[in-house]
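This report goes through selected features of one structure, beginning with cysteines and then turning to charged pairs, helices and the surface.

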Amino acid sequence: MTTLLDGYREHIVAAHKQPLFLLLVGFITSFVMIRFSVRMIRAKVRWWPGNVTPGGLHIHHMVFGLGFLLTGGIGVFATYGGHPWIDVFGLIFGIGCGLVLDEFALILHLDDVYWGEQGRKSVDAVIFGILCTSLLLVGYVPLGVVPSQETRWGLVTVISVNALVSFVTLLKGKVWTGLLGIMVPGLSWIGAIRLARPSSPWARWRYATRPRRRARALRRERRLHRRADVARTWLFDLIAGAPDKVPAGHPAAHRVAERMAARASAHLDAHAARALARRSARLADRRSAAVPAPGGTSAAGRAPGSGAPESGPRPRAQQRRRTVRAGRSRTYAVRPTGLEPRPDRHPRPRPHTRRIHR
């Protein structure tokens with residue numbers, strides 16, 4: 001215990017990093033506490049207080065986080081960064097960071113996707129914020145630049161190269177490597193050299209005309225990234241809880257869009273679907289027309305005025321109507337082949353024009 005206290009005084013207090021350390025403590029503590037609270041509310045535990053709903057309005061904890069952020073930020077400027085106050089306001093600011101970033105997905109999507117699959121972005125944001133704060137506390141600085149350096153051209157070169165490499169890494173679909181590469185320059189360089197992920201913008205632009213490289217990227221995605229995604233999903237389920245299969249706050253418009261997408265995937269080509277339905281209708285009419293009637297004659301050979309009941313096949317009016325459900329309901333009048341035309345319908349008379357030969 002004495003060794004820990006001596007290390008804290010030497011590396012934190014003596015290095016003037018106590019406000020940043022308290023910010024990190026408030027950040028982690030608020031995130032853990034609010035996640036525990038919402039999981040208790042989700043499990044409907046009786047002894048745990050529920051959501052804050054004055055007048056039926058659900059107030060998210062992001063609102064309280066904004067209050068903590070404003071209090072911490074304004075308080076530091078109001079007290080000119082004095083020694084006892086900067087530590088207190090640093091802790092308050094860290095608590096606000098944890099509460100706000102826990103609902104980062106809600107701010108991003110402007111929808112209550114807390115327990116949805118999109119809500120995993122909040123966990124990504126919290127983990128990234130904790131990692132960056134920890135790296136700053138250890139001694140890493142953004143873009144690998146030490147503030148006491150005096151060489152201007154070297155400073156500009158380091159910033160420019162590392163920013164460009166981090167941007168390329170992000171384009172290759174490696175979000176974590178690119179973001180952490182801002183703090184650790186060598187990490188982003190490794191991500192920029194290696195193959196891009198198949199679904200990244202870089203792969204769509206550069207691998208379209210390179211099938212071998214795209215195949216290599218697909219093999220690498222199956223071999224490495226899927227295992228990493230399984231481990232990441234397990235870790236996020238442990239931290240934040242498993243998402244709902246169908247989010248509770250899923251709007252009706254989203255459900256309609258999903259049903260339409262499923263129908264569109266089932267009918268890839270609407271014209272081909274309608275043509276297939278018409279062809280099926282014709283075949284069904286031919287089969288029903290070829291079925292013999294109880295009197296021994298087929299439907300095609302029975303005279304219209306014979307008075308024999310049409311007990312075998314369905315009436316012709318029902319045979320001609322087929323409803324094709326491909327996008328929207330339509331009714332097509334299909335004339336079965338092999339049947340005589342109705343006597344009450346006559347072809348449209350065509351006027352005869354006499355030709356004059358000169």
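A disulfide is taken here as a pair of cysteine sulfur atoms within 2.5 Å. The structure is a predicted model, and by that rule the count of disulfides comes to zero. In general terms, a disulfide is a covalent bond between the sulfur atoms of two cysteines. Cys97 counts as buried at 16% relative accessibility, and Cys132 is likewise buried, with a relative accessible area of 15%.

**Salt bridges**

Side chains of opposite charge can pair when their charged atoms come close. How many salt bridges does a search of the whole structure find? The search finds four, and the table sets out some of them.

| Pair | Closest N to O distance |
|---|---|
| Asp6 and Arg9 | 3.2 Å |
| Arg120 and Asp237 | 2.2 Å |
| Arg197 and Glu221 | 2.7 Å |

Asp6 and Arg9 both belong to helix H1 (residues 2-13), and because they are three residues apart there, about one helical turn separates them. Asp6 is partly exposed, with a relative accessible area of 40%, and Arg9 also counts as partly exposed, at 47% relative accessibility.

The salt bridge between Arg120 and Asp237, with its closest N and O atoms 2.2 Å apart, joins two helices. Arg120 lies in helix H6 and Asp237 in helix H11 (residues 211-240), so this pair ties together parts that are 117 residues apart in sequence. Arg120 counts as buried at 8% relative accessibility, whereas Asp237, at 25%, counts as partly exposed.

In the salt bridge of Arg197 with Glu221, the side chains meet at 2.7 Å, N to O. This pair links distant parts of the chain, since Arg197 is in the loop between H9 and helix H10 (201-206) while Glu221 is in helix H11, 24 residues away. Glu221 is buried, with a relative accessible area of 16%.

**Helices and loops**

Helix H2 (residues 18-42) has 25 residues and reaches 36 Å from its first C-alpha to its last, which is close to the 36 Å expected at 1.5 Å a residue. After H2 comes Lys44, whose phi is positive, near 60 degrees, and this residue lies in the loop between H2 and H3. Lys44 is exposed, with a relative accessible area of 72%. Leu110 also has a positive phi, near 50 degrees, in a residue other than glycine. The place of Leu110 is the loop between helix H5 (104-109) and helix H6 (120-138), where Leu110 is exposed, with a relative accessible area of 77%.

In helix H9 (residues 185-193), the buried residues are Ser188, Gly191 and Ala192. Seen down the axis of H9, these buried residues fall within an arc of 100 degrees, so they line one face of the helix. Which exposed residues does the face of H9 turned away from its buried side carry? That face carries Ile190 and Ile193.

**A nonpolar surface patch**

On the surface, Val52, Val63, Phe64 and Phe68 form a nonpolar patch, and together they have about 330 Å² of accessible area. Phe68, one of these residues, sits in helix H3 (residues 61-78). The side chain's residue, Phe68, is partly exposed, with a relative accessible area of 32%. Membership in such a patch requires over 30% relative accessible area, so Phe68, at 32%, meets that cut-off.

How values were computed:
Residues numbered from 1 in each chain as written. Predicted model: local features only at pLDDT ≥ 70, side-chain atom pairs only at ≥ 80, totals over all residues. Heavy atoms only, no water. Buried < 20%, exposed > 50% of the residue type's maximum accessible area, 1.4 Å probe, protein only. Helix = DSSP H or I, 4+ residues; strand = E, 2+ residues; numbered from the N terminus. Arc of directions from axis to C-beta. Patch = residues over 30% accessible without salt bridge, like charges linked within 9 Å, V, L, I, M, F, W, Y side chains within 5 Å. Areas by Shrake-Rupley, 256 points an atom, 1.4 Å probe, with all protein chains shown as cover. Expected span 1.5 Å × (residues − 1).
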